[in-house]
Amino acid sequence: MEQNIWRADFPQITEKDMIYLDSAASSLKPNSVIMAVTHYDHDLSANIHRGVYKEAYEATFLYEETREKVARFINAIPEEIVFTRGATAALNLVALSYGLKNIHPGDEIIVSELEHHSSLLPWQNVALKTGAKLVYVPLDSEGRITIANFESVLSDHTKVVALTYISNVLGYITPIAEIITLAHAKKAITVIDAAQAIEHMPVDVKTLKCDFLAFSGHKMLGPTGIGILYGKQEYLEIMEPIEVGGDMNDNVNKYDAEWKDSPYKFEAGTMPIASAIGLGTAIDYWQEHNIMAMEDHVRRLRKYTYTQIKKIPGITIYNPTSETGLIAFNIDGVHAHDASSYFAEHNVCLRAGHHCAQLVMKWLNIEACLRASLFFYNTFADCDRFIDATKNAVKFFHKMGF
Amino acid sequence: MENLENLYREVILEHYKNPRNKGLLPDPSYVTVHIKNPSCGDDITIQTKIKDNQIVDCRHEGKGCSICCSSASVLTETMIGKSTDKAKIIADNYLKMVANKIYDEKIDLEEAEVYIGVRQFPARVKCASIAWQAFMQALAKK
Ligand SMILES: Cc1ncc(COP(=O)(O)O)c(C=O)c1O
């Protein structure tokens with residue numbers, strides 16, 4: 001029997017027959033995270049930054065402790081860590097606050113066709129509202145963002161570079177450190193969508209020198225409803241909040257008010273406290289385990305699965321050279337939604353559709369595709385079930401006359 | 001597995017491969033409604049020509065999975081020649097049936113009856129519904 005030292009921590013797969021290959025959409029949650037969320041709901045349930053009783057104090061402590069854990073995890077300081085609803089809200093905050101105020105007609109914003117809609121649409125909106133120009137890095141023949149192609153669109157007009165660290169469809173890693181250095185040489189700010197990166201590699205914002213970086217809790221073993229915006233202090237300080245309300249202000253007068261310092265001025269109203277605390281425990285999980293060993297395992301699974309799937313006639317794989325755990329594919333002649341029902345009937349959980357990345361689908365010239373995402377708690381046995389299901393699916397749809 | 005086979009077997013695949021009344025007409029006497037299912041990229045347009053409270057023609061165009069495209073084709077065959085009142089009742093019943101809601105089983109849904117199999121696949125209810133919802137909108141628009 002193959003050993004997987006992490007798997008037992010995930011009740012979602014150990015307590016039922018489920019081949020979970022959709023971690024790129026949302027990861028499973030370990031018992032420790034479930035318990036941390038339950039501890040808050042069951043034992044504390046109090047609001048933060050307000051009450052002076054014991055439960056309110058502990059809730060505040062755990063919430064702020066998470067901010068410190070996140071900061072340590074990505075090598076930032078707590079003042080640079082803003083809690084948001086997720087990567088989407090984090091990226092929108094940068095675009096709506098920094099972008100709308102500092103981008104002007106004629107400025108250029110660099111994005112790519114690999115972007116998740118959350119990284120693309122906030123800047124498309126800024127471009128439409130400010131008269132700035134959206135500029136796309138041409139993808140290479142595999143669909144990758146390369147340094148040379150980035151340089152071909154970088155110019156003195158570039159004010160923002162908003163790119164994904166890892167593509168959520170093709171799984172390619174962007175050479176982001178080099179791109180950030182080049183962007184800074186042109187005095188452009190860099191906004192990195194790390195939603196798929198944070199759970200696959202160590203991320204160090206001081207080494208990257210990025211200006212902003214966003215990710216979601218639910219893709220890195222944490223709960224839904226919580227995410228992080230990292231921003232350099234010099235930018236967070238000059239940015240206006242996009243939401244105003246309770247808790248984010250210092251002094252309220254009849255006709256004006258003053259905000260707290262960042263990051264608090266961006267956290268208006270009651271935040272998802274339980275989720276934030278759960279995220280802190282998810283980070284403990286990453287700290288207690290060896291992320292490189294986990295990712296090594298993912299790459300072995302991916303290599304094995306890719307090699308087997310490639311051998312099946314009637315399958316098209318769109319990301320043969322991907323270096324992370326994703327396999328994007330279709331059964332020839334079968335719409336991804338028809339195919340995914342077959343996998344679902346066999347308890348193989350895949351994602352089908354455009355994966356919130358319609359520009360990737362358009363670039364591939366397809367309507368939709370299937371995506372299997374492998375993660376550290378998957379086993380070779382999971383891969384075998386998936387491979388068998390794929391073989392049988394091809395036969396099934398052939399027999400049905402597709 | 002058997003469920004899936006049953007679902008695809010009958011009318012669905014036949015209509016998927018040989019769609020009836022496909023292709024839109026540049027004719028302003030048709031009411032045209034376009035619906036997208038943003039989560040999966042299904043994209044269907046339904047054209048309906050109504051005269052004296054009769055559906056005299058119904059056409060479809062679009063792309064999507066087998067359930068989505070075939071149900072558009074079945075819709076057009078079912079509706080052509082029906083009165084608008086009858087058409088409304090049939091479409092309403094069909095939409096309730098696929099969504100696993102209470103519906104009137106006495107109403108003859110003709111070929112569209114086979115889509116009852118979709119109830120076993122809640123994630124696919126939307127696929128089976130969008131063409132019929134577009135048709136309902138066309139009736140309302142008229
Ligand atoms: C690359 C990428 N960016 C952004 C997001 C958005 O994350 P969320 O939906 O958690 O805000 C996702 C998640 O689907 C993603 O994969």
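In this tour, Ala, Val, Leu, Ile, Met, Phe, Trp, Tyr, Cys and Pro count as nonpolar, Asp, Glu, Lys and Arg as charged, and the others, Gly among them, as polar. The model on the screen is predicted.

**Stop 1: the ligand**

Select the ligand and the residues around it. The shell holds 15 residues, and the closest are Gly86(A), Thr88(A), His116(A), Asn168(A) and Ser216(A). Colour this shell by class: 11 of its residues are polar, 3 are nonpolar and 1 is charged. Now show the helices of chain A. The elements that give two or more residues to the shell are α4 and α5 (117–130) of chain A.

**Stop 2: chain A as a whole**

Hide the ligand and show chain A as a cartoon. Chain A has 14 helices and 15 strands. Its radius of gyration is 22 Å, close to the 21 Å that the globule rule gives for 402 residues, so chain A is as compact as a globular protein of that length. Turn the chain to see its extent: the C-alpha trace spans about 75 × 55 × 35 Å along its principal axes. Of the 402 residues, 50% are buried. Take the contacts in chain A with a separation of 6 or more: 69% of them come from residues 24 or more positions apart.

**Stop 3: the two domains of chain A**

Give residues 32–288 one colour and residues 290–399 another; these are domain 1 and domain 2 of chain A. Their centres, taken over C-alpha atoms, are separated by 29 Å. Next, select the residues where the two domains meet. Here 20 residues of domain 1 are in contact with 18 residues of domain 2. On the domain 1 side, 11 of these residues are nonpolar, 6 are polar and 3 are charged.

**Stop 4: the largest core**

In soluble globular proteins, nonpolar side chains tend to be buried together. What is the size of the largest nonpolar core in this model? It has 125 residues, and those with the most contacts inside it are Ile109(A), Val160(A), Ala194(A) and Ala214(A). Select helix α4 (residues 87–102) of chain A, which provides the largest share of this core, 8 residues. Keep the domain colours on, since both parts of the chain appear: the core draws at least three residues from each of domain 1 and domain 2 of chain A.

Now centre the view on Ile109(A). Not counting residues up to four places away in sequence, Ile109(A) touches several residues, including Ile103(A), Trp123(A), Val126(A), Leu134(A) and Val160(A). Lys159(A) is also one of the residues that Ile109(A) touches.

A second, separate core has 36 residues, among them Tyr16(B), Ile67(B), Ala91(B) and Ile130(B).

**Stop 5: chain B**

Show chain B alone. How many helices and strands does chain B have? There are 5 helices and 3 strands. Follow the elements of chain B from the N terminus, and they run α-α-β-β-β-α-α-α. For 142 residues, a compact globule would have a radius of gyration near 14 Å, and the 14 Å of chain B agrees with this. The C-alpha trace of chain B spans about 45 × 30 × 25 Å along its principal axes. Buried residues make up 39% of chain B. Among contacts in chain B between residues at least 6 apart in sequence, 63% join residues at least 24 apart.

**Stop 6: where the chains meet**

Finally, show both chains and select the residues at their contact. The contact takes 14 residues from chain B and 13 from chain A. Colour the chain B side by class: 8 residues are nonpolar, 4 are polar and 2 are charged.

Definitions and conventions: Residues numbered from 1 in each chain as written. Chains lettered and ligands numbered in written order. Predicted model: local features only at pLDDT ≥ 70, side-chain atom pairs only at ≥ 80, totals over all residues. Core = buried A, V, L, I, M, F, W, Y, C linked by C-beta atoms within 7 Å. Buried ≥ 20, exposed ≤ 12 C-beta atoms within 10 Å, placed from the backbone. Helix = DSSP H or I, 4+ residues; strand = E, 2+ residues; numbered from the N terminus. Domains from an automatic or database assignment. Contact = placed C-beta atoms within 7 Å. Near = placed C-beta within 6 Å. Rg over C-alpha atoms; globule rule 2.2 N^0.38 Å.
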